[in-house]
Amino acid sequence: MMDPFTSVLTAVAGRVAGEAAKPLIDKGRRELVRRKIKKPGDAVEILRYAPGPHQGTFSSLGLLNSVPVGVTQAQIQVLVKSNTFTALARQLIAVHLCDAERIYKDRIDDGLRGFFMASLDSRSTEELLQYYGQFFTMLDKCCSDVADKLNQAFPSADVGFTWASQTLLLATLANVEQHVAVLAKSQDRDSSQPRQSRDAEETWRKDYVRAFKRTHERIELPDFDLRKLVHYSEIFVTPNFVMLDDAEEADETRQYNIRRSNLYTGFEELVESVDHTVILGDPGAGKSTASSIIGCQWCKDGRRVCYILKVRNIDFTKSGFDLIKAIQSLLSDNFQQSVPAEYVSRSLLDGSALVVFDGLDELSETISGRLVSNAIEAASLAYPLARFVVTSRRLGYSAVKLDRDIFYEYVLQPFNSGQVESYAKKWFAFRSGGSEELLKSSVADFMQASDSIPDLRQNPLLLAVICLLHAGHSELPRSRPKIYRKCVELLLRTWDSHRGIGEHRWDLDVFEIVLAEIAHLTLFEPAYRNGMTEAQVRDVAIEILLRDAVPDRREAVALAKKMINLCRGRAWMFTDVSSGSPDLEIFSFTHQSFQEYFAAKRLVLECDTPEELAQEIEKCVLDERLEIFSQICISLSSEKFISGPTQVYLHCLDPDSVPAHRNEERLLTFLAKSADIVMLNRSALKLLVYKALRHMVSDVSFTALAILMRSDYRSPIAIRHIIGEELYSLQQEDQNCLDLIIGWNPWLWEVCLREGVATSCRIESLFEGYMHKMVNDEYSCAAEWLVRSLHDKGSTEEERSVCVGILESVARDVDGIGILTSDGPEPPYALFRNNKMARSTSKALARYQSLTPDAVVGLVSVAMAFCEVSAYYQPGVITPADGVIYHFMQARLRRQSTILPHGISVLPEETRDNVTAWCQQDVSFFEWVDHSVETG
């Protein structure tokens with residue numbers, strides 16, 4: 001039986017080993033998820049039932065009856081809870097996981113022994129060393145057990161998974177030498193006054209955490225009339241994330257379905273497991289805000305620290321990037337703290353530090369993105385126990401992508417309607433004066449008014465602007481450039497009311513001209529990449545005002561000064577971002593979206609023709625940079641040129657402009673994504689569709705047409721008609737080529753069907769829901785579109801004629817060879833959302849007299865097939881309230897053809913025999929996996 005002393009040591013060592021293992025467990029779980037080996041639930045279950053200290057097998061700390069004289073239980077507890085102790089324990093687990101050489105364990109032993117001796121004041125050094133020897137033996141055994149359990153849970157035979165990432169484990173081993181060296185240096189330096197030194201470092205940590213929280217816990221309320229700083233909990237809405245797996249690229253344009261539960265991550269879960277993490281998002285998605293709040297929550301226990309480094313302000317040069325010096329510079333410049341390098345180094349080595357690199361994509365053109373990525377990767381490997389968060393735009397990330405063996409990539413998801421409403425409640429609460437009724441009314445009005453621009457309000461930055469616009473305006477613009485314009489108007493309106501400036505209407509235009517020049521300089525000139533001093537801003541403003549707006553230099557100087565005063569301290573659009581002596585304060589745009597808007601205004605003004613503008617846009621797109629900037633340029637072209645966007649599109653789509661295949665793919669994809677935010681005439685859209693379809697001849701997986709077909713795009717019906725026309729033209733040219741494209745893109749078959757390009761189809765294809773799954777079409781499947789078009793009063797004769805042709809094709813198929821069983825269609829997910837399909841089928845059947853005899857046969861066949869689909873996917877969805885389709889369903893379920901509606905008698909005898917056989921369940925349209933479900 002284990003003696004009390006040994007059991008106490010086991011308890012202490014077990015608790016430490018368990019805590020030390022937690023980051024490795026989290027790593028393993030994420031690795032499983034990313035590599036699609038197991039769902040998170042499976043990973044959690046494995047870890048839950050893997051016995052070991054991390055499961056609380058050992059009891060909590062008990063009485064330490066055998067500790068050396070002069071050492072107390074409280075001192076032991078403080079020691080084992082320290083960051084240094086836990087860090088060394090993690091390294092010891094890594095030693096066992098990698099089956100590393102003995103020298104690594106010896107070095108950890110040396111470092112931990114020195115830490116014990118420096119931390120505990122015993123009257124007898126010999127007793128303390130004896131106690132430590134027993135303690136380390138038990139700790140080593142517990143860490144070895146944890147490593148064994150983890151290796152058993154995820155065996156090496158699982159070729160898709162390496163425990164906790166060998167890259168980071170080996171870096172952890174390499175880190176042992178560095179960590180122990182720092183401990184030894186610290187102990188040598190502090191040998192005369194160890195407690196005073198530790199107290200000084202602890203005091204600094206507490207002071208820094210308080211200063212950090214004061215800086216980052218408060219957010220400026222995005223409201224010009226209520227300028228105030230509020231705690232983030234009063235306005236921040238927690239976002240959602242999706243972790244990219246190994247097969248996905250960060251700049252993919254598709255939206256992620258949060259139902260993919262194995263990759264979906266909530267904000268709290270990300271905070272809890274943050275490690276080596278990349279946060280990717282669109283402009284204004286809240287990357288910087290999220291990382292700041294992650295930092296605040298990381299520091300909440302007072303033992304850990306967070307350093308937020310702006311990438312654009314760091315000197316990444318080939319002479320070498322020193323993370324400790326960068327952090328010391330941050331502490332000196334932003335917090336007025338002169339901190340010894342050892343303090344910073346220790347926080348990185350013992351795992352108590354979280355380092356945020358904010359804005360990885362916002363690099364100067366003179367700095368290599370790969371150089372920066374290499375520097376960050378090297379820093380993370382040099383300090384593997386520290387946590388790292390890197391933020392970047394999705395569109396700019398591919399050029400600076402971090403090693404996926406080291407970093408996990410998470411994509412910030414757009415706000416869903418619930419998050420939008422939650423934000424609106426918080427925002428309008430500051431304007432409601434405490435009135436619940438007013439708050440409820442304001443939020444309801446806002447949700448209804450902004451319902452037409454869901455793609456804009458799902459972006460947190462634009463959502464704040466839209467809230468402000470709704471509070472003071474009756475209309476909400478759809479396009480981003482118009483919203484940016486409203487921002488400027490709001491800014492000047494506040495200027496007018498509070499500062500007595502801007503008495504003339506041209507003040508708005510003047511302000512935009514000045515900001516446009518500044519935006520151009522800060523976006524394209526390396527010297528101004530990190531911002532402009534107040535003196536530089538003033539000089540540029542005076543120059544532009546004299547050139548374009550005012551005749552007198554004194555007036556230009558005065559107006560430039562007023563503009564600067566307006567922007568100072570307003571973290572909204574363009575403001576001071578760092579303090580300094582007079583004239584040396586740094587001003588910059590608060591967000592790249594606004595910078596790109598004003599820079600785009602300048603470029604559009606500078607270009608003399610749409611062709612010249614198109615050439616500049618092509619350069620940006622083909623270089624894979626400044627996509628949002630390019631979209632804004634196209635939108636603003638309408639303000640300078642007649643049919644500006646159309647002319648730009650026609651020049652971009654000129655056959656001689658972009659000959660290379662890969663370049664054409666990039667340009668067409670960009671133009672397809674931009675078509676929703678600009679006004680284009682038919683000729684531009686038709687040429688875009690033509691080029692995209694022809695590109696699919698050589699690349700059947702090309703997705704530009706799918707982008708254009710999204711239901712929330714401008715004029716989706718007109719675009720579908722244009723695509724149908726081009727599909728028909730391709731059919732006339734080369735039927736085999738069309739068949740190949742449709743084979744790879746079955747949703748195009750639905751377009752062909754609806755546009756009358758093809759009427760021949762198998763009945764099972766009508767229920768597949770290709771377009772709904774691809775572009776979120778309003779109809780769940782072609783069958784729903786078919787029956788609704790037959791009875792819809794808004795359908796044209798041409799549309800009804802197409803539907804009749806489709807039904808006649810179905811009838812020929814059924815009458816010619818009878819009802820043949822095929823594989824059941826994949827679920828059309830929205831088929832039963834509101835029962836429209838059932839009622840529409842009944843209405844179409846009720847109007848059978850307006851159809852040809854063959855079309856009636858086809859319609860009855862579709863109705864019977866629908867009953868089978870309904871019975872399989874959602875039994876009981878068809879009710880008596882749905883009309884005659886209910887009789888079909890009951891006839892099938894009860895095997896009684898007499899229940900069928902009387903109209904069946906008009907069908908040809910052969911068809912009636914088919915219907916009777918179907919009712920008796922002698923024949924079926926579909927073969928399901930579970931035959932017992934077929935009959936409901």
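# A walk through the model, cysteine by ring by loop

Start by selecting cysteine 467: at 0% relative accessibility, it counts as buried. Keep in mind as you click that this is a predicted model. Now add cysteine 752, which is buried as well, with a relative accessible area of 1%. While you have cysteines on screen, how many disulfides does a search of the whole structure find? The search comes back with 0.

**Zoom out for a moment**

Show the whole protein chain as a cartoon. You should be looking at 38 helices and 14 strands. Of the chain's 936 residues, 55% count as buried. Switch on a surface and about 40300 Å² is exposed, with carbon and sulfur atoms supplying 49% of that. If you like contact maps, take the contacts between residues at least 6 apart in sequence: 72% of them join residues at least 24 apart.

**Helix H31 and the loop after it**

Go back to cysteine 752 and widen the selection to H31, residues 746–754. Here 8 of the 9 residues are buried, so the helix is largely enclosed by the rest of the structure. The buried set is Trp747, Leu748, Trp749, Glu750, Val751, Cys752, Leu753 and Arg754. Step past the end of the helix to glycine 756, which follows H31 and has a positive phi, near 75°.

Carry on to arginine 762, in the loop that runs between H31 and helix H32 (770–775). Is arginine 762 buried or partly exposed? Its relative accessible area is 38%, so it is partly exposed. Draw a distance from its C-alpha to the C-alpha of aspartate 813: you get 7.5 Å, for two residues 51 apart along the chain.

**Aromatic stops**

Next, rings. A search of the whole structure turns up 21 aromatic pairs. Pick phenylalanine 236 and phenylalanine 267: the ring centres are 5.5 Å apart and the planes sit at 65°, so this pair is edge-to-face. Which parts of the chain does the pair link? Phenylalanine 236 is in the loop between strand S2 (229–231) and strand S3 (240–243), while phenylalanine 267 belongs to helix H9 (residues 267–273), 31 residues apart. Phenylalanine 236 counts as buried at 14% relative accessibility, and phenylalanine 267 counts as buried at 2%.

Then select tryptophan 427 and phenylalanine 428. Their ring centres are 4.9 Å apart with the planes at 75°, so this pair is edge-to-face too. Both tryptophan 427 and phenylalanine 428 are buried.

For something with more members, select Trp204, Tyr208, Phe212, Tyr307, Phe335 and Tyr343, which ring pairs link into a cluster. One further ring to visit is tryptophan 298: arginine 304 lies over its face, 3.7 Å from the ring centre.

**A helix to check with a ruler**

Select H5, residues 102–119. What span should its 18 residues have at 1.5 Å a residue? The expected value is 26 Å, and the end C-alpha atoms are 26 Å apart, which agrees. Colour H5 by burial and the buried residues include Ile108, Leu112, Phe115 and Phe116, and also Gly111, Gly114 and Ala118. Lys105, Asp109 and Ser119 are on the buried list as well.

**Helix H24 and what follows it**

Jump to serine 635, in helix H24 (residues 627–636). At 12% relative accessibility, serine 635 counts as buried. Leave aside its neighbours within four places in sequence, and serine 635 is in contact with Pro481, Ile677 and Val678.

From there, move along to serine 643, in the loop between H24 and helix H25 (644–652). Check its backbone: phi is near 50°, a positive value in a residue other than glycine. As background, most residues other than glycine have a negative phi. Serine 643 counts as partly exposed, at 45% relative accessibility.

**Last stop**

Finish at arginine 895, in the loop between helix H37 (884–894) and helix H38 (909–919). What is the sign of phi at arginine 895? It is positive, about 60°, although the residue is not a glycine. Arginine 895 is partly exposed, with a relative accessible area of 45%.

Notes:
Residues numbered from 1 in each chain as written. Predicted model: local features only at pLDDT ≥ 70, side-chain atom pairs only at ≥ 80, totals over all residues. Heavy atoms only, no water. Phe/Tyr/Trp six-rings, centres within 6.5 Å; stacked < 30°, edge-to-face > 60°. Helix = DSSP H or I, 4+ residues; strand = E, 2+ residues; numbered from the N terminus. Buried < 20%, exposed > 50% of the residue type's maximum accessible area, 1.4 Å probe, protein only. Lys NZ or Arg CZ within 6 Å of the ring centre and 35° of its normal. Disulfide = S-S within 2.5 Å. Expected span 1.5 Å × (residues − 1). Contact = heavy atoms within 4.5 Å. Areas by Shrake-Rupley, 256 points an atom, 1.4 Å probe, with all protein chains shown as cover.
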